[in-house]
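Biologist: I would like to learn how to read a bound ligand and the sheet beside it in a model. Could we go through one together, step by step?

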Amino acid sequence: MTEPKIKAIRGTRDLLPPETALWNFVEAAVRDVFRVYNFQEIRTPIFESTELFARGVGEETDIVAKEMYTWVDRGRAESDKGQSLTLRPENTAGVVRAYIEHKLWERGLNKLYYIGPQFRRERPQKGRYRQFYQIGAEMIGPATAGSESPARDAEILELLATLLDRLGIKGWTLQLNSIGCADDRAKYNEALRQALDPVKDKMCEDCQRRAATNPLRVFDCKVPEDQPIIEKLPRISQYLDEPCRQHFAAVKDILKSVGVAFQENDRLVRGLDYYTRTAFEFTHGALGAQNAILGGGRYDGLSESLGGPPAPGIGFAIGEDRLVLALQESAGAVQSKPDVYIAPLGHGMDAHAAQLARALRHHDIVVELGDENFRMKKSLETGSKLGARFALIVGENEIRSGLFALKNLETGEQISVPRAELAAKIIQKP
Ligand code: HAM
């Protein structure tokens, strides 16, 4: 066969069965955990105004400066002609925009989750795609609703530990830091600027720019030659004020009392500008270079920087692609197989088979329907190949007598079952 001319775009991919069964398993499990923690789903658009991300995530971040899919809308109406739009690179800014637009503060503390695609023009590799999927959550509301409390941070982190454990993901590490409030960061940025001044000429072009505009972002640098310089820079932990220190201490105390293990890492500053105070990542050894399975933190000033009222918040996003990769490393694939393969034998039997399939599916039995033009041998082979537990033969004799041949495809045993008892026999576990 010749190579197809039209292929999926680099960095995007088709998710095919049986892998999609694993994705569905993950999504069902996380929805279940969110329900127990009283989170509700929010769905925001996949594209937003470019300004939202520029102001929310930050002009100087790699995401905004290099990785967004942005275009100018042609628009029909005068009002939207020439508007700059962007495929969302992340979902926190969109959720906070919706919080402001729908005055969600009137509901007190909002506990929202989302599952959906995000888009970043990164160099594709294992665990890094240009269209990837995030499972995320945000807790946001007025401070009077308790949104600023360290108890919220600890609740989010404990939820994540529960989620990963329930999915059977072993060997994760929680890396935890506090990057302080805006004042702390202003002081820290100044200290970084001073420390970078004598050495910045030896650094990459991006870092030279960052040193002038937003020194914290030098920590996003991946250039190996710059790392020894970055390693010697001052640490944020030395610049936290007393309230931020106490907030961080309270988060750690609760985590210890609920038994969630963590590693303090004062190099963890995260690649988005909206973070304040608690910042975290969960890493997983099996993922190689792209080892962050999820990341998140507090963003107490984000609502205000988007023109909304003060609304402290905290959230996270799991990279679903990476979560599935980690699951494939630690467990076998989850595959959905039919309970029964119905084999109509001979002319006119398709209709009878369809009737039976309809009745069995009402009992939540997974049915694969054959074809009256198949011979018996082909039907049984097809059923076995699909991994069906049973084959149900539907021929003229069966229809006349009301007794159906039910063949166990694993053991080869065949029994005769009255129509009314078929569902019970198929559901019965071996
Ligand atoms: P982030 O660290 O940029 O944070 O992304 C979160 C997670 O998404 C990463 O840890 C990673 O697992 C996954 N991810 C990111 N980029 C890619 C990619 N190109 N391919 C595959 N997976 C990727 C955020 O997006 C924040 N909005 C999280 C947050 C929510 N903070 C507070 N609330």
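Modeller: Let us begin with a term: a polar contact is a pair of N or O atoms within 3.5 Å. Please keep in mind that this is a predicted model.

Biologist: How far is a nitrogen atom of the ligand from an N or O atom in the side chain of Glu90?

Modeller: That distance is 2.6 Å, and oxygen atoms of the ligand make further contacts of this kind, at 2.9 Å from an N or O atom in the side chain of Arg120 and at 3.1 Å from one in the side chain of Gln134. The ligand taken alone exposes 660 Å², of which the protein buries 96%.

Biologist: Which elements give two or more residues to the shell around the ligand?

Modeller: They are β6 (131-140), β10 and β11, and β10 gives the most, with six residues. Of the 27 residues around the ligand, those that come nearest are Glu90, Glu122, Tyr129, Tyr275 and Ala292, while the shell as a whole divides into 12 nonpolar, eight polar and seven charged residues.

Biologist: How are strands held together in a sheet, and in what order do the eight strands come here?

Modeller: In general, strands of a sheet pair through backbone hydrogen bonds, either parallel or antiparallel. Here the sheet is open and of mixed pairing, with the order β1-β5-β6-β11-β10-β9-β7-β8; its edge strands, β1 (40-41) and β8 (263-264), each pair on one side only. Strands β10 (residues 292-298) and β11 (residues 313-319) run antiparallel and are joined by five bridges, and Gly297 stands opposite Gly315 in β11.

Definitions and conventions: Residues numbered from 1 in each chain as written. Predicted model: local features only at pLDDT ≥ 70, side-chain atom pairs only at ≥ 80, totals over all residues. Heavy atoms only, no water. Pairing = 2+ DSSP bridges. Helix = DSSP H or I, 4+ residues; strand = E, 2+ residues; numbered from the N terminus. Near = heavy atom within 4 Å. Polar contact = N/O pair within 3.5 Å; in protein donor to acceptor, adjacent residues only side chain to side chain. Areas by Shrake-Rupley, 256 points an atom, 1.4 Å probe, with all protein chains shown as cover. Nonpolar A, V, L, I, M, F, W, Y, C, P; charged D, E, K, R; others polar.
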